[in-house]
Structures are given as C-alpha cells and as structure tokens.
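Here are my notes for a first look at this one. Keep the picture open while you go through the points.

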Amino acid sequence: MKIERHPDAAVLHFDPGEREILVSSLLELRKHYQTDVSQLSEPLQQYWRGVLTRSEGIEDDEEMADGADVLEAERLSWRPERVALLNRWLAPESSLHNPLDPSLRLSRGEIDEFLSMLNDRRLTLAIAQGITDEQMEWNPLMVKSRDLQRSLWEIHFLAYLQESCISALLEE
C-alpha cells in the first residue's frame with residue numbers, strides 16, 4: 001500500500017491482493033453493521049453495548065451507569081453512519097474497483113472513521129471466532145486450524161493498514 005497525502009485528503013493505493021482482502025473485509029463489516037445488534041451473538045452484543053469493557057459494580061455508581069448508557073447509544077449510532085461510508089467506498093464506480101490503480105480517497109474526517117472501522121472489523125472478527133488477545137499476536141503460519149489462520153491473516157492485514165495510515169499521517 002502507498003499513501004498519497006493531500007491537504008484535504010489521503011489517497012490509499014493498493015496492489016491487487018491488498019485490494020481483494022480489504023474489499024472482502026469491508027463487505028463483511030458492512031453486513032455486520034447492517035445486522036441488528038439484537039441478532040448478533042451474545043459476545044458481539046456485549047461488544048457493541050460496551051459490556052466487555054465495563055467494570056464490575058458499575059450499576060451501583062449512578063453517574064458511571066449513565067455514562068455507560070450514553071456510550072452505548074453513541075456506539076450504536078455509529079453503525080448506520082458507517083454503512084453509508086462503506087456503501088460509497090464499495091460502490092461499483094468507486095476507485096477501489098479500478099483494476100489498473102485500486103485506491104481509496106479519504107477526506108480528513110473519513111480517515112479516523114476508516115481506522116475505527118478497521119479496528120471494528122479486527123475486534124468483531126476476533127470476538128466472533130473466539131480469538132483471545134494473546135492469539136491475535138500469533139503467527140498465522142504456525143497455526144494448524146485453517147479458519148483461525150484465515151482470521152489471523154485478516155486481523156494482521158488490517159493492523160498493517162492501520163499502522164501504515166497512522167505512520168504516514170504522523171509524518172506530516
């Protein structure tokens with residue numbers, strides 16, 4: 001991946017293999033965002049409701065409980081907004097589908113959303129597959145299970161995209 005910076009945007013250029021993995025990940029993420037949270041597995045519902053990160057006894061602290069409710073509402077409100085972005089990025093006329101130079105143009109405001117969405121995909125994939133924090137660091141070549149191996153490759157690739165974007169933006 002190469003990143004071209006502009007005053008108002010960044011353009012990410014992908015080789016064909018990177019493009020295929022990214023499009024596949026974004027398509028899966030769009031399906032995930034479009035699924036009503038109540039239809040997701042219990043661990044994924046907990047992720048979106050922030051239950052996995054809440055401290056024990058939070059219900060006893062009214063201010064913390066109210067803050068947790070606000071956070072949950074905010075996190076759930078992101079989902080339809082992100083579907084709209086994904087629909088634009090994945091549209092047939094998008095430059096991401098250009099076979100000669102697959103790219104994705106992100107405005108300054110979309111860069112943070114893109115990074116957050118990559119993280120959402122990494123975390124929801126890990127939760128759905130039962131991958132622990134420790135396993136996320138494993139070398140996929142050392143894993144025997146094909147499903148776990150595929151998931152780890154995707155998680156590592158998305159982390160690579162995140163790190164590349166952040167590094168390029170920090171160079172400014």
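1. Start with confidence: pLDDT is the predictor's confidence in each residue, from 0 to 100. The protein averages a pLDDT of 88, and 91% of the residues score at least 70. Among its elements, helix 1 has the highest mean pLDDT (96) and helix 3 (residues 62-90) the lowest (84). Where pLDDT is low, the predicted coordinates should not be read in detail.

2. A word on ground rules. This is a predicted model, in which local features need pLDDT of at least 70 and side-chain atom pairs count only at pLDDT 80 or more, while totals for chains, interfaces and linings use all residues. Residues are numbered from 1 along each chain as its sequence is written, and side-chain values use heavy atoms, with hydrogens and water left out.

3. Now the parts list. You'll find 6 helices and 3 strands; helices (H or I, at least four residues) and strands (E, at least two) are DSSP runs, numbered from the N terminus. Going along the sequence, the pattern reads β-β-α-α-α-β-α-α-α. The C-alpha trace spans about 55 × 45 × 30 Å along its principal axes.

4. Next, the sheet. It is open, has 3 strands in the order 1-2-3, and its pairing is antiparallel; two strands pair if DSSP finds at least two bridges between them. Strands of a sheet pair through backbone hydrogen bonds, either parallel or antiparallel. Strand 1 (2-5) and strand 3 (103-107) are the edge strands, each pairing on one side only. On average, neighbouring strands are turned by 20° against each other, direction ignored.

5. Which residues face each other across the strands? Ile3 has Leu12 in strand 2 as its bridge partner, and Ala9 stands opposite Ser107 in strand 3. Strand 1 and strand 2 share 4 bridges and form a hairpin with 3 residues between them. Strand 2 (residues 9-13) is joined to strand 3 by 5 bridges. Helix 4 (residues 108-129) packs on this sheet and touches strand 2 and strand 3, its direction making about 115° with that of strand 3. For angles like this one, axes are lines fitted to C-alpha atoms, for helices over the stretch in contact, and angles run from 0 to 180 degrees between N-to-C directions.

6. How do helix 1 and helix 4 cross? Their axes come within 10 Å and cross at roughly 80°. That makes helix 1 roughly perpendicular to helix 4 (angles under 35 degrees count as roughly parallel, over 145 as roughly antiparallel, 65 to 115 as roughly perpendicular and the rest as oblique). Leu22, Glu28 and His32 are among the helix 1 residues that meet helix 4, where the partners include Phe114, Met117 and Arg121; contact means heavy atoms within 4.5 Å. By class, this contact has 6 nonpolar, 3 polar and 3 charged residues. Here Ala, Val, Leu, Ile, Met, Phe, Trp, Tyr, Cys and Pro count as nonpolar, Asp, Glu, Lys and Arg as charged, and the others, Gly among them, as polar.

7. Helix 1 (residues 16-34) also packs with helix 6 (residues 146-170), at an angle of about 105° and with the axes 11 Å apart. This pair is therefore roughly perpendicular too. On the helix 1 side the contact uses Glu18, Ile21, Leu22 and Ser25, and on the helix 6 side Glu154, Phe157, Leu158, Tyr160 and Leu161. Those residues divide into 6 nonpolar, 1 polar and 2 charged.

8. Finally, look at helix 2 (residues 42-49), which packs with helix 4 at about 145°, with the axes 9 Å apart. Pro43, Leu44, Tyr47 and Trp48 meet helix 4 residues including Asp120, Leu123 and Ile127. The class count for that contact is 7 nonpolar, 1 polar and 1 charged.
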